[in-house]
Structures are given as C-alpha cells and as structure tokens.
Amino acid sequence: MSAAPSPEAPSPATPLIRPVGDRALLVEFGTVLSETAHSAVIALDRALAAAPPEGLAEVVPANVNLLVVFDPLTTDHATMTALLRGLIGRAGGVAARSRLHEIPVCYDDAFAPDLAEVAARTGLSPEAVIATHLSGEYEVYMYGFAPGYAYLSGVPEPIRLPRKTTALRGIPAGSVIVAAGQCLVTSLTMPTGWWIIGRSPARILTGDPARPFLFDAGDRVRFRRTGSEALGTGA
C-alpha cells in the first residue's frame, strides 16, 4: 500500500511558510514547476505590492516560491507569517497588473550563431525556427543568475532543445537565447550554454534605481522581427 502524501507537502492552496535567517520567510507553493504554483506566487507578490505591510523590506518571486524579507526591528516571523496566511486566502482576487512588452529581435546570421544548428536539430528550416519563436506566448517567471536575467516561459515545443554540453564565453548583451522551455534576453556580456538565435536592442537594465529592470514577474512578452539597423549596425 502506498504511503499517504506528507501533510507538509506545499501546494498553491496550502503553502509552506518557513523562516530564512532572522529577517525573511520563504513561502513555498510547490516543489515542481506548475502554472498553478507560479500563479499563486504572482498573486501573493502583487497582493504585497498593493498593500505593503509594516516592516516589509523586499519580495523576491521565483518559479514556485516567494522570499519575503522584513525588518526584524519592526516585525517578526510570527507576525509576518500570520499576515501572509491572511493574504494568501485573498490574493487570488488581486487585479492583474501584468504588462505586455514587445521586444524586437534581429535574427541575421551575424547575431544568431546557433540558428542553423537549432534548425538542424529540430528538423526545421531557419525561417521556420524564427517563425516558431515569434509565435510563442511568453511570461516572465523570475529573475536569476545575473542582474536583469528574466527567465521567460513559453518557448514553443518544436524548438525546445536541452542546453548545450559546453558553455561559450563572451556572449554579448542583448543576445536572445533559448533552452528547454525557456527564453532569455541577456543583459550583460556573459557565458552561456543556451542556444543563441538572435539579438535585441531592448535594454532590460533600465538604469532607474526605482525600477531597475524592464519586466516584472508575471509580465507577458511578445517578440517581433527587426533588421540589423535597430542594433545600430548595417552588418
């Protein structure tokens, strides 16, 4: 007879809230990525943004959990946990604030060094890879790895490939990269093991301290094709 599921297993309806150090709580809505768990993360993130409780310092949404950082001189774990429990029950009613961003991408060979390889591995033509990428419905799931690295879900199934076995150094900022079901527009010159299929002139790092990144978690992204002139080059 199979064992009954652990009552401690988190879910969107009954998240697990546990302390992280002396000034934070981690709210876990699941242990594996799912749309319902991530929707619960976004709902709580927006509820906290709409009415920040006393002592709240920072909120960091991720795929299935949310880190809530607070000022320990103003509040404590127990008070914040009780407040979060109350918010979670009402968070689903918070009006959506997601924005739609249109991001230009140049798929010219000079800026898409992996496009031909992606085409070969998927059995599509390069133009079909581009059309498939443009058809995707993308959502900003989280930031991670480096400043401004917004992980976008929604890469269409026909162009989903695992990461490369070896990373390549010195990939320029603005590179549009894909791996598995995720897409990302790089914000810094960094190494990557993802597939580079284009480049965008969009600036994800805004330079505004009040709003340092272009996207919010939960925002939607649509890509549109552009020429190399948008990148300031005629190459």
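Which residue caps the N-terminal end of H2? In this predicted model, the cap is Asp-76, which has a side-chain oxygen 3.3 Å from the backbone nitrogen of Ala-78. The helix that follows, H2, spans residues 77-90. Its 14 residues reach 20 Å from the first C-alpha to the last, close to the 20 Å expected at 1.5 Å a residue.

The protein chain as a whole contains 4 helices and 13 strands. Its C-alpha atoms fill a box of roughly 60 × 55 × 35 Å along the principal axes. Of its 235 residues, 44% count as buried. Among contacts between residues at least 6 apart in sequence, 61% join residues that are at least 24 apart.

Helix H2 has a buried side and a face turned away from it. Met-80, Leu-84, Leu-87 and Ile-88 are the buried residues in question. They lie on the same side of H2 because they cover an arc of only 100° around the axis. An α-helix has 3.6 residues a turn, so residues three or four places apart point the same way. The face of H2 turned away from the buried side carries Ala-78, Ala-82, Gly-89 and Arg-90, which are exposed. The packing partners of the buried residues of H2 are strand S1 (16-19), strand S2 (24-28), helix H1 (35-50), strand S3 (56-61) and strand S4 (65-70).

The four strands named here form an open sheet in the order S1-S2-S4-S3, with antiparallel pairing. S1 and S3 stand at the edges and have a single partner strand each, so one side of each is left without a neighbour in the sheet. From one strand to the next, the twist averages 20°. Within the sheet, S2 and S4 pair in the antiparallel sense over 5 bridges, and Val-27 stands opposite Leu-66 in S4. Two helices lie across strands of this sheet. H1 crosses S2, S3 and S4 and runs at about 25° to S4. H2 lies across S1, S2, S3 and S4, at about 30° to S2.

Further along the chain, strand S5 (residues 100-105) pairs with strand S13 (residues 220-225) in the parallel sense over 6 bridges. Val-105 has Arg-225 in S13 as its bridge partner. S13 also pairs with strand S6 (residues 138-143), in the antiparallel sense and over 2 bridges. Here the bridge partner of Glu-139 is Arg-220 in S13.

Helix H3 covers residues 115-122, and its residues Leu-115, Val-118 and Ala-119 are buried. These residues cover an arc of only 100° around the axis, which puts them on the same side of H3. Ala-116, Ala-120 and Arg-121 are exposed and sit on the face of H3 turned away from the buried side. The buried residues of H3 pack against helix H4 (126-135) and strand S12 (195-199). After H3 comes Gly-123, with a positive phi near 75°.

Helix H4 includes Thr-132. Is Thr-132 buried or exposed? Its relative accessible area is 15%, and residues under 20% are classed as buried, so Thr-132 is buried. A polar atom of the Thr-132 side chain lies 2.7 Å from the backbone oxygen of Ala-128. Leaving aside residues up to four places away in sequence, Thr-132 touches Leu-124, Pro-156, Pro-158 and Ile-159.

Strand S10 (residues 182-185) pairs with two strands described here. With strand S7 (residues 150-153), S10 pairs in the antiparallel sense over 2 bridges, and Ser-153 stands opposite Gln-182 in S10. With strand S9 (residues 175-179), S10 is joined by 4 bridges, and these two strands run antiparallel. Val-178 stands opposite Cys-183 in S10. S9 and S10 form a hairpin with 2 residues between the strands, where Ala-180 takes a positive phi near 55°.

Notes. Residues are numbered from 1 along each chain as its sequence is written. This is a predicted model: local features need pLDDT of at least 70, side-chain atom pairs count only at pLDDT 80 or more; totals for chains, interfaces and linings use all residues. Side-chain values use heavy atoms; hydrogens and water are left out. The expected span of a helix is 1.5 Å times one less than its number of residues. Buried means under 20% relative accessible area, exposed over 50%, partly exposed in between (1.4 Å probe, protein chains only). The arc is that of the directions from the helix axis to the C-beta atoms. Contact means heavy atoms within 4.5 Å. A polar contact is a pair of N or O atoms within 3.5 Å; within protein, one must be able to donate a hydrogen and the other to accept it, and residues adjacent in sequence count only if both atoms are side-chain atoms. Two strands pair if DSSP finds at least two bridges between them. Axes are lines fitted to C-alpha atoms, for helices over the stretch in contact, and angles run from 0 to 180 degrees between N-to-C directions.
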